[in-house]
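Here are some exercises to work through with the structure open beside you. Try each task on your own before you read the solution.

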Amino acid sequence: MLEQFSFVTSVATVAGIYAILAIGLNVHWGEAGLLNFGHVAFFAVGAYTSALLTIASPSASQAYSFGFGMPIPVGIVGGCIAAGIIAFLMGIPTLKLREDYLAVVSIGLAEILRYGLMNENWLTGGVGGIYGIERPLTEAIPFAFYNLFYLGLVLVALVGCYLYTKKLRRSPFGRVLRSIRDDEEAAVALGKETFRYRMQAFIIGAVIAGLAGSLWAHYTTALTPTAFATNITFTTWVALIIGGSGNPKGAIAGAGLIISFREATRYLPDVYGLGEIMPTLRLIFVGVLVIVTIRYRPEGLLPERNITRAEYYNRLESESENL
Amino acid sequence: MISFDPQFLINGLTTGGTIALAAIGLTLIFGVLNFINFAHGEYLTIGAYAAFVANVSLGLPILLSAILAVPVTVVFALVIDRIVFYPLRRQGAGALALLITSVGVSIVVRNLIETIWSSDTRRYDLAAGEAMSILGIRITAVQIIILVTSLLLMVGVHLLLTRTTLGVSMRATASNQSLAMSSGINTEQVVRWTWVIGAGLTAVAGVLIGIDTVLRPTMGFGLLLVMFAAVILGGIGDPYGAMLGGFVIGFVQEVSVAFISASYKPAVAFMIMVALLVWKPEGLRGGT
Amino acid sequence: MAGLSDISSRREFIKTATASGAALTLAGCTGESTGSSSSETITIGLLQPFTGEVGWVGESSEVAVEIAIDEINNAGGINGNTVEIVAEDTEAGQQTATSAIRKLINSDGASTILGPTSFTLPAVMGIAQDNQVPIISPTAGTSELDDVGGEYIFRTASSDSLGGRAMARIAEQNGYEEIAVMYVDNQGGRSFGKTVVEGFEALGGTVTTEVAVTPGKNSYRSELTKAFEGSPEFVSLTAGAETGSIILNQWNEQGLGGVWGLSDDMQTNGFASEMGDIIEGSYAIGPLSGGDRYEEFASEYESRAGESPRPFTAEGYDAMILAALAAEAAGSSNPAELAEQIISVSQDGEAVESFQQGSNAIEDGADINYQGASGPVDFTENGNIRSPFAVVQSNGDSWEQTGRIEPDQLEF
């Protein structure tokens, strides 16, 4: 019985990590109105940094040159910090752009980062990547319960991020952020330095994504650049849109739904010979879901409290109407 | 450093020609409809596969298949607009809603194509060509066709934009939609024609790429970022800029192989795009 | 590709059988097949990519493994128990592979995992090791894994560090002094390509250029220009069949000259006939097809799939037989006990050539040495094999063996 449960545990763990990612993205989009399509970059940076900080010194046959063998908490914190730094660097040139440009640029930057991961063997192990990453407390926890323990760890992190972002929303900082999101001109007129607020939100969301990345690294114990492609960003976006953006609860709901859906369709019996095309069918369904959601319920499943649809549409307006 | 081989120039121009054609479509649609269409790459793919059906499944000659691909793609684009984008426009949804929706459309179309034709690469029914050597540079008949077709179509677009009422209306709508409407331009009609021209050009680009190389379901999506780069390079909404941008991007990508590791080649276009957006967002031609 | 479409119905059957099995297990919690005695079904997990560019790997290895399973079940099964496979798709992606292997181990109770490829094996290794379930991969050649196996990780495919040297040897044996090396930029490509470079230089030759290409692109003309800059006489290409065919077609169109050394993915007769004259005279390394065992396997494969065996299929067949023999030797299908016998049944003992033979010999208390369809498959202490390679050349329609390279020719 414990064995079947173990499979469910692993799905829940992946869903939990995506939920953390989605919460981070929610800070970007839901709170600050930033259309960040390069989210996977922070995830990747968090994962690789934590891996490199905690892994043992590499042997001669390994492609990468660094391994610092530090304890895992150092790795995780390091991953968060690194993601934050990358966000800062990425934010400087891009946060001043209008939202749809940011979308395009952020994908570009994330892809450049991924190419860097693939090619700079000395740092990242290149295409072969890094494996043998340590897991926390493997001696202390009996083997049969380890996956449950790790799920618990992820849930703790998730709850932590959720509470933090909730606090953020209620804080004066959060209020200013939302006012910038809704009407930048007014905010500027009131003397708010919109760039600084945006940058802070960008970094916070990135740090959260970095945390997700670190947790991921110690979960799978192996990283390759191909795992950090744009589909992770898109999955996170879909989770956010369907679950309800502007809302950390929505982020969690969306992630849970999307990941469970993905894994559950693995189990489907092969009716009507659909087995071979199941992966593409799954994706088609997801795409249709996005289209339908934006059309009929753009606020998502769990909408931001007290927001009407008209207000939400306002949010989806681009800043400039004319060219 | 490796000595510059003029061969790269030809490779760059042909790659650039196809990117340019697709980019013109993207920039026109952006100009008139004011949203970044993430599904734009799929028109390229639809065009290529439509010609594939005509050429391989139905046995028609390639030229006819290419010509047929255009209306097929245009119909698709119009239908997608009518069912998906138009209702949102009418609801007053903004550019971002359309952008996210277009992401959904791109996922659906791409995976539909993969469902039907699988992810294997496909080829048209053509004889393999041998390159000719002109002045020590190798070029194939297909590459010449690509260059000539791209240039002819671009000239056509130019004539359209400057000599026809439609073209003038398109430019007017692109620069100021409300003013255009109040001066009696039928914007919905302009929108429709923008899709026709934009999707049509992109379909041709798709067929050309398919003739030159191979078809796969991700062929359009894979070029999307490169198309964006070309559009941004040339200035959004500016079709001439898109043409220039396409050639420049294609050229730089191919030439870069001589200097940096070929595995960074796709990243080169992104780097250009990012650099431009940061330093000169209005593009090389400096503003629409 | 025509033959492989028959497979979809087979997959249908297996998946339906599996799903109902899974449903029953979930409902009744009776899914523990890690026991001994009484007649029960032994589950083997097949973890391979079934979709995407390398989807053919999963599909073709499934045929090969089924050939083995039918042979095993016809001979009375493992320790008297029937064997079945459950297949899961890795999509050649880490996350998918990770959850797929967990499902195979935890939900399906797999005694052994066959697969996956170089893209995902590093990611799932740890999980298998933690659960003490052996993995025998017929496809993962990346040299990164050279030192990590032997306890739970085994490979019936040659490591690229050997394959790459074999390629370098071929170039050297044929008198070429200057070569170029092209490879796709992923785990499989780099590991093989870089070994060719190192190997050829160790043999005293010159590598004029080394070009890494991004797979999945439409045009490689510029990469070809760069590779042929120094006018190499021989070029080693490590790529998937699709990327390879684009590169070779464009090479032909440009009239660049030289001779090719092609990698495993392109070493199918289907590829050779499709490319035709373009690759006539090109070299590749392949399984030794001289043996009867391979011919037997090949004809059985052909009757099921409608085409000649793809790369790694014979290795997949051997992986399954080895797992079964190890279980027989252990007297149980418990994964950890099975794992302990894997190396021993593969080498050092009485030579056996089929499951039936091996099973009988084990019953008589003998120590066996399984000789496979893909080669002698003798595992080293790190779970790798050292087999001789066949040198094959294309005659414009198919690959013919024209030579052979022994393992000791690869030490330099």
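The exercises below look at chain C, then at chain B and chain A.

This is a predicted model, in which local features need pLDDT of at least 70 and side-chain atom pairs count only at pLDDT 80 or more, while totals for chains, interfaces and linings use all residues. Residues are numbered from 1 along each chain as its sequence is written, chains are lettered from A and ligands numbered from 1 in the order in which they are written, and side-chain values use heavy atoms, with hydrogens and water left out.

**Exercise 1. Get an overview of chain C**

Task: find how many helices and strands chain C has, and what percentage of its residues count as buried.

Solution:
- Step 1. Chain C has 13 helices and 14 strands. Helices (H or I, at least four residues) and strands (E, at least two) are DSSP runs, numbered from the N terminus.
- Step 2. Of its 412 residues, 64% count as buried. Buried means under 20% relative accessible area, exposed over 50%, and partly exposed in between (1.4 Å probe, protein chains only).
- Step 3. Take the contacts in chain C between residues at least 6 apart in sequence: 66% of them join residues at least 24 apart. Contact means heavy atoms within 4.5 Å.

**Exercise 2. Trace the five-stranded sheet of chain C**

Task: give the strand order, name the edge strands and say which helices pack on the sheet.

Solution:
- Step 1. The order in this open sheet of chain C is 2-1-3-4-5, with parallel pairing. Two strands pair if DSSP finds at least two bridges between them.
- Step 2. Strand 2 (83-89) and strand 5 (153-155) of chain C are the edge strands, each pairing on one side only.
- Step 3. From one strand to the next, the twist averages 25 degrees. Axes are lines fitted to C-alpha atoms, for helices over the stretch in contact, and angles run from 0 to 180 degrees between N-to-C directions.
- Step 4. Strand 1 (residues 42-48) and strand 3 (residues 112-114) of chain C pair in the parallel sense over three bridges; here Gly45(C) has Ile113(C) as its bridge partner.
- Step 5. Helix 2 (residues 55-74) of chain C packs on the sheet, touching strand 1, strand 2 and strand 3, and makes about 170 degrees with strand 2. Helix 4 (residues 121-131) of chain C lies across strand 1, strand 4 (135-137) and strand 5, at about 155 degrees to strand 4.

**Exercise 3. Trace the seven-stranded sheet of chain C**

Task: work out the strand order, then follow the strands from one edge to strand 13 and strand 14 of chain C.

Solution:
- Step 1. The seven strands of this open sheet run in the order 7-6-8-9-10-13-14 (chain C), with mixed pairing.
- Step 2. Strand 7 (206-213) and strand 14 (399-405) of chain C each have a single partner strand, so one side of each is left without a neighbour in the sheet.
- Step 3. Strand 6 (residues 178-184) and strand 7 of chain C pair in the parallel sense over six bridges, where Val181(C) is matched with Glu210(C).
- Step 4. Strand 10 and strand 13 of chain C run antiparallel, joined by four bridges, and Ile285(C) has Val391(C) as its bridge partner.
- Step 5. Strand 13 and strand 14 of chain C also run antiparallel, with six bridges. In their hairpin, which has four residues between the strands, Gly396(C) takes a positive phi near 100 degrees.
- Step 6. Five of the six residues of strand 13 of chain C are buried, so this strand is largely enclosed by the rest of the structure.

**Exercise 4. Describe a helix pair in chain B**

Task: how do helix 5 and helix 10 of chain B pack, and which kinds of residue meet?

Solution:
- Step 1. Helix 5 (residues 141-163) and helix 10 (residues 239-259) of chain B pack at about 165 degrees, with their axes 10 Å apart.
- Step 2. The two helices of chain B are therefore roughly antiparallel. Angles under 35 degrees count as roughly parallel, over 145 as roughly antiparallel, 65 to 115 as roughly perpendicular and the rest as oblique.
- Step 3. Residues of helix 5 of chain B in this contact include Leu147(B), Leu151(B) and Met154(B), and those of helix 10 of chain B include Tyr240(B) and Phe247(B).
- Step 4. The contact residues divide into nine nonpolar, two polar and no charged. Ala, Val, Leu, Ile, Met, Phe, Trp, Tyr, Cys and Pro count as nonpolar, Asp, Glu, Lys and Arg as charged, and the others, Gly among them, as polar.

**Exercise 5. Place two residues of chain A**

Task: are Thr165(A) and Ala209(A) buried or exposed, and what do they touch?

Solution:
- Step 1. Thr165(A), in helix 6 (residues 146-170) of chain A, is buried, with a relative accessible area of 4%.
- Step 2. Not counting residues up to four places away in sequence, Thr165(A) touches Ile23(A), Val27(A), Ile208(A) and Pro248(A).
- Step 3. Ala209(A), in helix 9 (residues 194-220) of chain A, counts as buried at 0% relative accessibility.
- Step 4. Leaving aside neighbours within four places in sequence, Ala209(A) is in contact with Leu21(A), His39(A), Phe42(A) and Phe43(A).
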